[in-house]
Structures are given as structure tokens and as C-alpha cells.
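Here is a briefing on one protein model and its ligand. It covers empty space, ligand contacts and strand pairing.

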Amino acid sequence: MDTETSVTIGTTIGATALETMIRGIFLAIGCVEDEAATIATHLVGSNLAGHDSHGVVRVPRYVEWHKLGYLRAGQQPEVVTDGGAFLLLDAQQGFGQSVTKQAVALGIGRAKQHGASVVALRNSGHCGRIGTYAEQAMAEGLLSIHFVNVAGSVLVAPFGGVDRRFSTAPIAIGVPLEGRPIVLDFATSLVAEGKVLVASNGGKPLPADALIEPDGSLSGDPHTLYGDYPQVGPRIPGAGPGAIRAFGDHKGSGLAMMCELLAGAFTAGGCAGPAKTRGCITNGLLSIYLSPAHFGTEAEFQRMGREYVDWVAASRPIDPASPVLLPGETEARYRAARLRDGVPLPADIWEDLRRTAVSLGVTVPAA
Ligand code: NAD
């Protein structure tokens, strides 16, 4: 499997032990019980799904942001506008995994009432892997679409340009087909920043055209994004001369811009750009929830949807050893393997986590 950390594995740790330690860290810094549990489950869940860039690697940075006052514990999304089937919520810089989970629960509730709902959420702390929220809605039988942006971050050049104008602005869509749930979830940048980070640490190299230099030449060299950096130590995404490219040429670039407009401008949380007053990144989300039961197509949706995705998956593979996968199946495979074998962590990331735990008096499990 193509894992971001495949070259630099140092430690493997059981998911439950890891989750207990992470929960302990967030309790120790002052999060409430539910909040700490939600953050831990989400982060470990991202590792389990194979998205290590949105997993426990984030813990030391969240702890630091909380210390600096950029992230606030114990927050509930404040209702700014309540239109029944639509809501505008302000997350008040709460821990993203917790406030976004609460916002999704509100969206689910409204969609069950009205058949459809739209929830705009702004000023959320980094909310992690967006597919998690599509899965939360799917567990209640709902389809959902999530446009997301990152205010205070600017990493990606638009199609035809070299200067950074977008965040990695992800999008996720969940379709709850029984027995074969579909979750499409990706950043609109050609590669997630976490993958540039991994490459800069000697991990899996980037595709040669993932980045763009100021003169328009394409690059797979992490220095394009980070500038000069020590072999071991922090990477500063603002320090490099170039940018990550948007995926899919003009189409992906257009989709990235729509994420900025829908999740940043429409929610009034702010579009991509340098961190201004906040000092750290915040996510904005525009989420749409649809209930097939209310639309009266539930049985057909299940039957036609399932027949269709099975037919797609049956397309003759280029390589007979690699059958066509549907969105969400890669993550399901990772989850099965990592629940069985443990979560692999690069040595430096485990050391950072261990140090964070020890500094807060949290017990570190044996790796
Ligand atoms: P990616 O490039 O790994 O693409 C993932 C998507 O492609 C998934 O839907 C997956 O099921 C599907 N997929 C993967 N391999 C496939 C295959 N062989 N056949 C068919 N489908 C396949 O994802 P990414 O762009 O690196 O994003 C990683 C994560 O980062 C996502 O979970 C995203 O939500 C998250 N993210 C979050 C933020 C934030 O601000 N919170 C910002 C950017 C990205």
C-alpha cells in the first residue's frame, strides 16, 4: 500500500493504547472528557485510514496552539443564524474535531427534520480528515457534501499562475450505500502538504510535477515549498519561493477556488491567505446533508447506487493484480490492516508524542 510513512517507520503501536495516550494529553491540557475523546478518536482514526498527515502527528502542534490561545477548549459552535433547514455556526476557535463533530450532528438533525440541510461553520480549529464527517452522516443514512477551506494558510498556486492563492482546500462526499459505502475525500492540491513534509524527511519522493517554481518550471523538490531547511527540524511552508500545484489543471484549480468561496467567503470565516490576527489556521466548512428517505427514493437509491458502483468496480483492471477501487476502499483496507497490526509511526513523530505526553504527566504505553 502507498503509505505516506512507508519509508520512515520507526515504531508500531496498538490503536487503543495510542488513543488512550492522546485522550490523556488533551485532558491534561484542559479539554473536557467528550472533547478529548473525540479528538483522540479522530486523530487515531485518520492514522487507521492511512492518512498519517492528519493523524497523531498533529498533537504537539495542537497542544502548542492551545497554549498560545489560538485553540480554545470546551467550545460549542455558537448559532449565528438559524433558518431551520440551514444554519450558520461560529466555532469560536474550538478544537476542530470536537466543534465540527457537533456541527455535523446539528446538520444531521436538521436534515432528518427537513429532508435536507445546509450548515456553514466558520472559525473552527483544524478539523482534520474531512471524510470523518461524511462517515458521521453516513452512519445516520445521509448523503453529505463538504466544501472546506483553511483561512490563514496559502500553499497552492492556481492553474496558469505561480503565486500561491489557495489553501489545500479539501472536499468530501459521502454516499451511504449499504454494504459498499462510498467516501470521496481529498485535498484540491496535487499533493497534501503532509506529503511534501514526508518527502523532505527522506520519505516517499514527490511526483516531479507536484510543485511549481516562481519561473513556472515544475518541481518535485520540497525546497520549492520550504526553502532551506535542516535535515532534522521544523519546515516552514511560507519560507519557500514556490507553491504546490492545484490538482487536475483548470478543473481542480476551479474546484479549489469554489472551496475558498463557499467555505471561506460564504461563511465569512475568511479565504486562504497569510495568517492575520488569529496567528494560526482555521477551517471553514460548508456542508450539505440529504436524506434519501425524505426524497422518497431510498429503495431505488440503494438498488441503483449499489448496482452502479459494483459495475464501476468491475471495470477490467489495467493490471489484473490491482482491481479498480472505489472511493473509501483504500481507507477501509488500511483500517483493517492497522487495527490488526498496529499504527506505524516514524521515529521522530513517536518521540515528539512521547515527549509531549511525558511533559504533561501522561502515561506512555510501550511501543
Ligand atoms: P488522497 O490523494 O490520498 O485521495 C484520497 C481519496 O482518493 C479518497 O477518497 C480515497 O478513497 C481515494 N482513493 C485513493 N486511492 C484510490 C484508488 N486507487 N482508486 C480509487 N480511489 C482512490 O488524499 P489527499 O488529497 O492526500 O488528502 C488527505 C487527507 O487530508 C484527506 O482526508 C483530507 O480531508 C485531508 N485534508 C484536510 C485538510 C484540513 O484543512 N482539515 C486540508 C487538506 C487535506
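Helices (H or I, at least four residues) and strands (E, at least two) are DSSP runs, numbered from the N terminus. The model is predicted. By that numbering, helix 4, strand 4 (116-124) and strand 12 (282-290) each give at least two residues to the lining of the largest cavity.

**Cavity**

- Rolling a probe the size of a water molecule over the atoms shows where empty space is left.
- The structure holds 1 cavity of 30 Å³ or more.
- The space in the largest cavity comes to about 30 Å³.
- Its lining consists of Thr100, Ala103, Val104, Val119, Leu121, Leu285, Ser287 and Tyr289.
- By class, the lining of the largest cavity has 6 nonpolar residues, 2 polar and no charged.

**Second largest pocket**

- The second largest pocket holds about 320 Å³ of space.
- Its lining counts 15 residues. Nearest the centre of the pocket lie Thr41, His42, Gly45, Thr132 and Glu135.
- Two or more lining residues come from each of helix 2 (33-48), helix 4 (96-114) and helix 5 (131-138).
- Helix 2 provides the largest share of the lining of this pocket, with 7 residues.
- The lining of the second largest pocket splits into 8 polar, 4 charged and 3 nonpolar residues.
- Helix 4 thus appears twice: in the lining of this pocket and in the lining of the largest cavity.

**Ligand site**

- The ligand is surrounded by 22 residues. Closest to the ligand are Gly128, Asp185, Ala187, Gly328 and Glu331.
- The shell around the ligand contains 10 nonpolar, 8 polar and 4 charged residues.
- A polar backbone atom of Gly328 sits 2.7 Å from an oxygen atom of the ligand.
- A polar backbone atom of Val183 is 3.1 Å from an oxygen atom of the ligand.
- Thr330 makes its contact through the side chain: an N or O atom there is 3.2 Å from a nitrogen atom of the ligand.
- Taken alone, the ligand exposes 870 Å², and the protein buries 78% of that.
- Strand 8 (182-187) and helix 11 (329-341) are the elements that give two or more residues to the shell around the ligand.
- Strand 8 makes the largest contribution to this shell, 5 residues.

**Strand pairing**

- Strands of a sheet pair through backbone hydrogen bonds, either parallel or antiparallel.
- One open sheet has 4 strands in the order 6-11-9-10, and its pairing is mixed.
- Strand 6 (156-157) and strand 10 (218-219) are at the edges of this sheet, each with a single partner strand, so one side of each has no neighbour in the sheet.
- Strand 10 pairs with strand 9 (residues 211-212) in the antiparallel sense, over 2 bridges.
- Ile212 has Leu218 as its bridge partner in strand 10.

**Hairpin**

- Strand 2 (residues 78-82) pairs with strand 3 (residues 86-90) in the antiparallel sense, over 4 bridges.
- These two strands form a hairpin with 3 residues between them.
- Gly84, in the turn, has a positive phi of about 85°.
- Which residue of strand 3 is the bridge partner of Asp82? The partner is Leu87.

How values were computed. Residues numbered from 1 in each chain as written. Predicted model: local features only at pLDDT ≥ 70, side-chain atom pairs only at ≥ 80, totals over all residues. Heavy atoms only, no water. 1 Å grid on protein atoms, 1.4 Å probe; cavity = no way out; pocket = protein on both sides within 12 Å on 5 of 7 lines; lining within 4 Å. Points joined across faces, edges and corners; volume = space filled by probe spheres on them. Nonpolar A, V, L, I, M, F, W, Y, C, P; charged D, E, K, R; others polar. Near = heavy atom within 4 Å. Polar contact = N/O pair within 3.5 Å; in protein donor to acceptor, adjacent residues only side chain to side chain. Areas by Shrake-Rupley, 256 points an atom, 1.4 Å probe, with all protein chains shown as cover. Pairing = 2+ DSSP bridges.
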